[in-house]
Amino acid sequence: YILTCFGLFMLCIIREFVLYLSKYYEITTLSGRIVPFWPTVKRLKELSVLYSVQHPGDNKTEAILPSVKKSMDDYHKSVTLKLRMVDTILYGVSLILGYCLMLVVMTFNAGLIIIIVCGYCFGRFLF
């Protein structure tokens, strides 16, 4: 029972990781910029300074995140078959994990339900 609880806890964390990875991959692919996996304010400031050193004449205030002023055509051009395939695979993995965890919840075992909720909360905290 303890190993089952640990396994379910890990599955919840893995599912949250897959969801985060999907968003991260989409943001980095569409923006065309390297974004830290776990961005901190310090790391974003370092990247901003690095960008200003590499591009001294450019006075952009949004050095790390994509510009909002870009037209929608620029984003549509960036969507490639590779992006769609990776996004589809990550979405499928997330669905499989989600449905498996839903089946466990449907056993109405209070201990397993609490473990799954705690696992999702901890996964959300991490990612």
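## Close-up views of a five-helix chain

**View 1. Serine 22, a buried residue of helix 1.** With a relative accessible area of 15%, serine 22 is buried, because that value falls under the 20% cut-off. This is a predicted model, and here we look at the surroundings of one residue in it. Serine 22 sits in helix 1, which covers residues 2-31. Its side chain makes a polar contact with the side chain of aspartate 87, at 3.0 Å. Beyond the neighbours within four places in sequence, serine 22 is in contact with Asp87 and Leu90.

**View 2. The largest nonpolar core.** Here we meet 7 residues: Cys5, Leu8, Cys12, Leu101, Val104, Leu112 and Ile116. Helix 1, helix 4 (81-105) and helix 5 (110-126) are the elements that each give two or more residues to this core. Helix 1 supplies the largest share, with 3 residues. In soluble globular proteins, nonpolar side chains tend to be buried together.

**View 3. Valine 104 and its partners.** Now let us zoom in on one member of that core, valine 104. Setting aside residues up to four places away in sequence, valine 104 touches Leu8, Leu112 and Ile116.

**View 4. The whole chain, for orientation.** Stepping back, the chain holds 5 helices and 0 strands, in the order α-α-α-α-α from the N terminus. Of its 127 residues, 25% are buried. Among contacts between residues at least 6 apart in sequence, 67% join residues at least 24 apart. The chain exposes about 9200 Å², and carbon and sulfur atoms supply 72% of that area.

Methods: Residues numbered from 1 in each chain as written. Predicted model: local features only at pLDDT ≥ 70, side-chain atom pairs only at ≥ 80, totals over all residues. Heavy atoms only, no water. Helix = DSSP H or I, 4+ residues; strand = E, 2+ residues; numbered from the N terminus. Buried < 20%, exposed > 50% of the residue type's maximum accessible area, 1.4 Å probe, protein only. Contact = heavy atoms within 4.5 Å. Areas by Shrake-Rupley, 256 points an atom, 1.4 Å probe, with all protein chains shown as cover. Polar contact = N/O pair within 3.5 Å; in protein donor to acceptor, adjacent residues only side chain to side chain. Core = buried A, V, L, I, M, F, W, Y, C linked by side-chain atoms within 4.5 Å.
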